[in-house]
Amino acid sequence: MGVTRGWRSALAGTLAASLVLAVIVGVLGPALTVIPIEVLRLVVGALLLVFGLQWLRKAILRASGWRAVRDEDSVYEREAAAARAARSEERAGLDWYGFTVSFKGVLLEGLEVAFIVLTFGSTQGSIPLAIVGAVAAVVLVVIAGIVVRGPLSRVPENTLAFAVGVMLTTFGTFWGAEGAGVDWPGEDASLPFVLAFVILVSLGYVTALRRRRLALA
Amino acid sequence: MRRFARFWWDFIVGDDWRVAVGVALALGLTAVLATTWASAWVVLPLAVAAVLWMSLARSAARR
C-alpha cells in the first residue's frame, strides 16, 4: 500500500490497527489469568495444534511438490496493479483505500500474533515477556525490510511457514498434553525432544510425499 | 452474522475440518489414558503425527 497508494495512509492504517490489537491484548490478557492453568493449557494447546497443523500441512504439500509454491513476484505485481487501479477517495485527509486495506491487513494478521502472545504469555505466566518477544520480532522484521529493500519474494516463504508450523505444533502438543493431565518426563526439558520429533516426522512426510509424486510421474 | 461466523471458522478451523476433529479426539484420548497410565505422554505426539499424515494423504489423493 505504501508503494502504490502513499505511505501516509498506509502508516495511518497500520498504526490504527496496532492500537486496536494493543487494546485486545490489554483487555484479554488480564481476563485469561483468571482461568485455571490446566484448562488454559488444554484450550491453548488445542488451538495451537489446529493452527500449527494447518501451517505444516500446506508447507509440506508445497515442499513435496503437491501444491504450487506461491509465486510472490506475480502476487506482488497483481496486488500492486489492483491497488493502483482502485478509485481514489479522500476521507479525514487520507486515501481511504490505502488506509482500510492497511488497517484490515495488519488487524487480521495481527490477530494471530495477538493470540500467540496471549496464549504463550498466559500459559507461561508472563504476558509482558511475550509482548517483548513479539515487539522484538517486529523490530527485527522492519530492520530486515530496510536492509533488504525488496519485495517479499526474497523471503523464503515456505521455509518460514514450515518453521512456524513446527513451532506451533510443538507447543500445541506440549501444552495440550499437559492440559489433558499428562506429566511429561523431565517436564519442560522434554520440549526439545517434542520439537525434534515434530521436525523429523514433518521432514519424513516431505520425503514420502515427494517419492509418491515421483512414482506417479 | 454469517460472514462473521465464516471468518472465525476460517481463522480457527482452516480448510480441513478433519484436522480440528482429529486434534479434539486425540486430546480426549490422551485425557482418558492419562488417568490410568503414567506414560500417556506418548499418545498425543503419535496421534498428531497420524492426523497430519491423514490430512496430507487426503490432499495428495485429491490432486
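The following paragraphs describe the fold of chain A, its contact with chain B and the nonpolar cores of a predicted model.

Because the model is predicted, local features are reported only at pLDDT of at least 70 and side-chain atom pairs only at pLDDT 80 or more, whereas totals for chains, interfaces and linings use all residues. Residues are numbered from 1 along each chain as its sequence is written, and chains are lettered from A and ligands numbered from 1 in the order in which they are written.

Chain A contains eight helices and two strands, these being DSSP runs numbered from the N terminus (H or I over at least four residues for helices, E over at least two for strands). Along the sequence the elements of chain A follow the order α-α-α-α-β-β-α-α-α-α, and the C-alpha atoms of the chain fill a box of roughly 60 × 55 × 25 Å along the principal axes. Of its 217 residues, 34% count as buried, a residue being buried if 20 or more other C-beta atoms, placed from the backbone, lie within 10 Å of its own.

Within chain A, the axes of helix 5 (residues 96–123) and helix 6 (residues 127–148) come within 7 Å and cross at roughly 140°, where axes are lines fitted to C-alpha atoms over the stretch in contact and angles run from 0 to 180 degrees between N-to-C directions. Helix 5 of chain A is therefore oblique to helix 6 of chain A, the term covering angles that are neither under 35 degrees, nor over 145, nor from 65 to 115. Among the residues that meet here are A:Val113 and A:Phe120 of helix 5 and A:Ile127 and A:Ala134 of helix 6.

Between the chains, 27 residues of chain B are in contact with 28 residues of chain A, contact requiring C-beta atoms, placed from the backbone, within 7 Å. On the side of chain B that touches chain A, helix 2 (17–34) and helix 3 (43–62) of chain B each give two or more residues, and helix 3 of chain B gives the most, with 11.

The largest nonpolar core (buried Ala, Val, Leu, Ile, Met, Phe, Trp, Tyr and Cys residues joined through C-beta atoms within 7 Å) has 46 residues, and those touching the most other members include A:Leu48, A:Ile60, B:Val23 and B:Val48. Helix 3 of chain A gives the most to this core, with 15 residues. Apart from neighbours within four places in sequence, B:Val48 is in contact with A:Leu49, A:Thr169, A:Thr173 and B:Ala26. A second, separate core of seven residues includes A:Val25, A:Ala114, A:Ile116 and A:Leu118.

Notes. Contact = placed C-beta atoms within 7 Å. Buried ≥ 20, exposed ≤ 12 C-beta atoms within 10 Å, placed from the backbone.
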